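I opened a fresh page to keep track of what I look up here. Rings come up before charges.

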Amino acid sequence: MTITVELAAGPFEPAQRMARLTAIADGAGAVVSFTGLMRAVGQDGDALNALVLESYRGVTLASMKAIVADAVRRFAVSHVDVVHRHGRILPDEAIVFVAIASTHRRAAFEAVDYLMDRLKTEAVFWKREEGEHGSRWIEPTAADTDDAARWIKG
Amino acid sequence: MAGIPLTVDLCGRLAEPYGRSVAIEISVEGLIAGDLVDAIAAAYPALTQMLASGRTKACVNDAIVPFSAKVLPGDVVALFPPVSGG
């Protein structure tokens with residue numbers, strides 16, 4: 001099993017990371033990935049110039065690693081690659097990449113879905129939109145919170 | 001006895017009124033994180049409302065701690081507003 005969790009200060013190439021994971025995922029029957037991109041339109045429909053993701057020392061990366069560790073315990077996966085930008089991100093740039101390899105596709109699909117729902121609500125970032133409205137801090141949406149709640153076992 | 005200066009990092013929107021860190025004096029014995037938050041709210045009034053929301057967390061030496069945790073001189077301390085997530 002390989003687990004890669006990174007915090008990136010600059011742009012990264014999702015296709016390269018996907019190719020690398022696929023190449024090392026010997027015996028995997030499935031490789032599933034998600035790439036989150038910065039949209040040029042904010043939550044309120046305003047045009048955006050940038051998204052700023054503030055992180056804090058080692059705490060942000062540690063929060064990401066803890067979420068990934070939970071995913072590895074919960075799903076039958078063989079390889080994990082997670083990279084998340086911090087700092088200033090421009091429209092159309094990749095913000096986050098999550099890729100999972102597993103023997104069977106269901107675990108890979110669910111693990112990617114789980115990871116994104118938790119990263120979107122729990123990873124230690126503070127997000128600010130910069131656009132025609134100026135600068136505005138944003139928080140997880142109700143939809144993000146509802147999505148993350150799906151994974152809480154009753 | 002003069003207090004010992006402690007720098008407290010402010011993350012996210014908490015940094016807007018006074019910048020990314022504020023200074024406060026604490027005793028050599030330290031204090032609990034909850035009392036530190038109260039002291040900062042008193043010393044920096046523009047933070048009072050945000051810190052009173054009950055949603056602030058204390059981070060001491062790179063670990064989020066309960067408000068009952070001790071903060072000592074020399075600790076690396078930050079206050080976190082609710083996270084945005086990634």
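First I need a word for burial: buried means under 20% relative accessible area, exposed means over 50%, and partly exposed is in between (1.4 Å probe, protein chains only). This is a predicted model, where local features need pLDDT of at least 70, side-chain atom pairs count only at pLDDT 80 or more, and totals for chains, interfaces and linings use all residues. Residues are numbered from 1 along each chain as its sequence is written, chains are lettered from A and ligands numbered from 1 in the order in which they are written, and side-chain values use heavy atoms, with hydrogens and water left out.

**Rings**

I looked up aromatic pairs and found six over all chains. Rings of Phe, Tyr and Trp (its six-membered ring) pair if their centres lie within 6.5 Å; planes under 30 degrees apart are stacked, over 60 edge-to-face, and the rest tilted. Phe75(A) and Tyr114(A) make an edge-to-face pair, with 5.3 Å centre to centre and 65 degrees between the planes. Phe75(A) is in the loop between helix H2 (59–74) and strand E4 (79–85) of chain A, and Tyr114(A) is in helix H3 (residues 105–122), so the pair ties together parts 39 residues apart in sequence. Helices (H or I, at least four residues) and strands (E, at least two) are DSSP runs, numbered from the N terminus. I checked burial too: Phe75(A) and Tyr114(A) are both buried.

Tyr114(A) also pairs edge-to-face with Trp151(A), at 5.4 Å centre to centre and 85 degrees between the planes. Trp151(A) sits in the segment after helix H4 (142–149) of chain A, 37 residues from Tyr114(A). Trp151(A) is buried as well.

I noted a cluster across chains: ring pairs link Tyr56(A), Trp126(A) and Phe80(B).

**Charges**

Next I looked up salt bridges (a side-chain nitrogen of Lys or Arg within 4 Å of a carboxyl oxygen of Asp or Glu). I count 15 over all chains.

Arg136(A) bridges to Asp44(A), with the closest N and O atoms 3.2 Å apart. This pair links strand E8 (residues 134–138) to the loop between strand E2 (30–37) and strand E3 (48–54) of chain A, 92 residues apart. Arg136(A) counts as partly exposed because its relative accessibility is 23%, while Asp44(A), at 54%, counts as exposed. Both belong to a salt-bridge network with Asp46(A) and Glu129(A).

Which residue of chain B does Arg57(A) form a salt bridge with? I found Asp62(B), the closest N and O atoms being 2.7 Å apart.
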